[in-house]
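The following exercises are to be solved from the sequence and the coordinates. Each task is followed by a worked solution.

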Amino acid sequence: MPQAQIIDGKAIAESVRDEITRRAAALLETTGKRPGLAVVLVGEDPASQVYVRNKDRAAEACGFHSVKHTLAADSSEAEVLSLVEQLNNDPDIHGILVQLPLPGHIEESKVLRLIRPEKDVDGFHPVNVGLLTAGERDSALVPCTPAGSLVLLKRTLGDTLSGKTAVVVGRSNIVGKPMASLLLQESCTVTIAHSRTKDLPDVVRGADIVVAAVGRPEMVKGSWIRDGATVIDVGINRIPAPERGERKSRLVGDVAFDEAVGHAGAITPVPGGVGPMTIAMLMVNTLTAARRLLGLPEEEPLF
Ligand SMILES: Nc1nc2c(c(=O)[nH]1)N[C@@H](CN(C=O)c1ccc(C(=O)N[C@@H](CCC(=O)O)C(=O)O)cc1)CN2
């Protein structure tokens, strides 16, 4: 059986970060300003700690001003809101990101809605959600994971998205819904499928493009993938790997990769696919936010 092209998210993310580093250096040269990113972590979730550290490092490597705020897990909602307010008013900070998930006693939507939309580099504020949904992607800040997935699709398929059928499996606010909006704006014919979708395998089989974002390890089977389809696997699931030793684990996506690779035309791996793009697109959004707040013209879009 022919094997799919493996889409190298790490390499594409690096090329995006290189371009942002160049643009940030040019900004510094002409204005004396650096894009400023503040990342807020509440609690000690080990995965979140790694993601926040990687965001901070990526921002520094791009030449940004980067600030990390770590609050204790039992911090009150009022303390988190007060920090966001302080960052909203800080002229050196152009992008604010509150790492999710937040501890259960803090209402996520309350925190996300307090972030100034212009500094909302996660693209989760209702203003940015509304702009994206209304087809005004170029005025919005677009959530990083779907934006990164679109970059991978465009680098793989070039300018041929228009008219293709796309199925997004998963209807989350962070990935599924914004991904569907982005694909619609590329003139794809888009279906959003989810756990209650009837005949899910057949729905997926109808797609030229499959974006899997359900958060269930290897749920999308190889036999569901139409021959030659492009598969973007957004899932990052840690599962036990006893074959690697006692208490060992490994990462898998939402797609059964070993099966799908024999059907797809191109597919993202996990790890090394969409994950690295999430952080690269955060750098893109931070630079965009900085330029807008500084009253500078938009640069050529990267996706
Ligand atoms: N405020 C936000 N919170 C969360 C987001 C987000 O976009 N904004 N997304 C996820 C986590 N996330 C970034 O925060 C993220 C997840 C995974 C990766 C990544 O590079 N993964 C690697 C594998 C890493 C590993 O070995 O564990 C890969 O796929 O290659 C980057 C960012 C939830 N929270």
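**Exercise 1.** Determine which residue follows α1 and the sign of its phi.

Solution. The residue after α1 is G32, and its phi is positive, near 75°. Helices are DSSP runs of H or I with at least four residues, strands are runs of E with at least two, and both are numbered from the N terminus. The model is a predicted one: local features need pLDDT of at least 70, side-chain atom pairs count only at pLDDT 80 or more, and totals for chains, interfaces and linings use all residues. Residues are numbered from 1 along each chain as its sequence is written.

**Exercise 2.** Compare the expected span of helix α1 with the distance between its end C-alpha atoms.

Solution. The expected span is 1.5 Å times one less than the number of residues. Helix α1 (residues 9-31) has 23 residues, so it should span 33 Å; the end C-alpha atoms lie 32 Å apart, which agrees.

**Exercise 3.** Classify S172 and I236 as buried, partly exposed or exposed.

Solution. Count the other C-beta atoms, placed from the backbone, within 10 Å: 20 or more means buried, 12 or fewer exposed, and in between partly exposed. S172 has 17 such neighbours and therefore counts as partly exposed. I236 has 19 and therefore counts as partly exposed.

**Exercise 4.** List the contacts of S172, leaving aside its neighbours within four places in sequence.

Solution. A contact requires C-beta atoms, placed from the backbone, within 7 Å. On this criterion S172, in the loop between β5 (165-169) and α7 (176-185), is in contact with K177 and A213.

Key
Two residues are in contact if their C-beta atoms, placed from the backbone, lie within 7 Å.
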